[in-house]
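Visitor: I am new to this structure and would like a close look at a single part of it. Please choose one element and take me through it with care.

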Amino acid sequence: PPGPPAALRPPLTLPSAGAARPRVKAARLRTVELEKTTENLTITVSAEVRDSVTQLLSAQEQLRLQRSNLRLVKRNRDLVEREYTAGQASLVRLNEAQRDLVTAQGRLALALATLRQARFNLETDTGHILEGLAVTYR
């Protein structure tokens, strides 16, 4: 069927050019605003990722230094223990060496925890943590 007669069809209302201009201008302004927002978010995320990478590298170096320090402190404690056993060092000196060893072990544990936190922060800032969640909730 050809459709209703021309007299029964609703008139086509075409927007006039004058009415469309404000909407076009508003759309352009919104586009510029969204582009600026995107640019600002990109800068913010980039800065956060750079900061996380710096923290991770620092934490890795700190862990390396604490492991090295622990080896040296342990070697020193072992030497003092041998001296004490041989009667060449006092019990006070042995206790100090043991305290130093426990302190070094605590610093190593802290360095390891800091490294794990730095890795987590980098995964969060880069969105990699979301990949694990996606697998979990499939």
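Guide: Among the elements of the chain, helix α2 has the highest mean pLDDT, 97, whereas helix α3, covering residues 128-136, has the lowest, 72, and since this is a predicted model, α2 is the part that I will follow here. For the chain as a whole, the mean pLDDT is 89, with 86% of the residues at 70 or more. The setting can be put briefly: the chain has 3 helices and 0 strands, and its elements run α-α-α from the N terminus on.

Helix α2 itself takes in residues 91-126, which makes 36 residues, and from its first C-alpha to its last it reaches 52 Å, close to the 52 Å expected at 1.5 Å a residue. Just after this helix comes Gly127, which takes a positive phi of about 85 degrees.

Turning to what is covered and what is not, buried residues make up 14% of the 138 residues in the chain, and in α2 the buried residues are Leu94, Ala97, Leu101, Ala104, Leu108, Ala111, Leu115, Ala118 and Leu122. Several of these reappear in the largest nonpolar core, which has 12 residues, including Leu101, Ala104, Leu108, Ala111, Leu115, Ala118 and Leu122, together with Leu56, Ala59, Leu63, Leu70 and Val73. Both α1 and α2 supply at least two residues of this core, and α2 gives the most to it, with 7 residues. In soluble globular proteins, nonpolar side chains tend to be buried together.

Within that core, Leu101 deserves a slower look, for when residues up to four places away in sequence are not counted, Leu101 touches Leu70, Val73, Lys74 and Arg77. The last of these, Arg77, lies in helix α1, which covers residues 17-85, and Arg77 counts as buried because its relative accessibility is 13%, where the cut-off for buried is under 20%. Leaving aside its neighbours within four places in sequence, Arg77 is in contact with Ala97, Gln98 and Leu101, and the side chains of Arg77 and Gln98 are also joined by a polar contact of 2.7 Å.

Contacts across the sequence can be viewed for the whole chain as well: among those between residues at least 6 apart in sequence, 70% join residues at least 24 apart. As for the outside, the accessible surface of the chain comes to about 11,100 Å², and 59% of that surface belongs to carbon and sulfur atoms.

Definitions and conventions: Residues are numbered from 1 along each chain as its sequence is written. This is a predicted model: local features need pLDDT of at least 70, side-chain atom pairs count only at pLDDT 80 or more; totals for chains, interfaces and linings use all residues. Side-chain values use heavy atoms; hydrogens and water are left out. Helices (H or I, at least four residues) and strands (E, at least two) are DSSP runs, numbered from the N terminus. The expected span of a helix is 1.5 Å times one less than its number of residues. Buried means under 20% relative accessible area, exposed over 50%, partly exposed in between (1.4 Å probe, protein chains only). A polar contact is a pair of N or O atoms within 3.5 Å; within protein, one must be able to donate a hydrogen and the other to accept it, and residues adjacent in sequence count only if both atoms are side-chain atoms. Contact means heavy atoms within 4.5 Å. A nonpolar core is a set of buried Ala, Val, Leu, Ile, Met, Phe, Trp, Tyr and Cys residues joined through side-chain atoms within 4.5 Å. pLDDT is the predictor's confidence in each residue, from 0 to 100. Accessible areas come from the Shrake-Rupley method with a 1.4 Å probe; for residues, only the protein chains shown count as cover.
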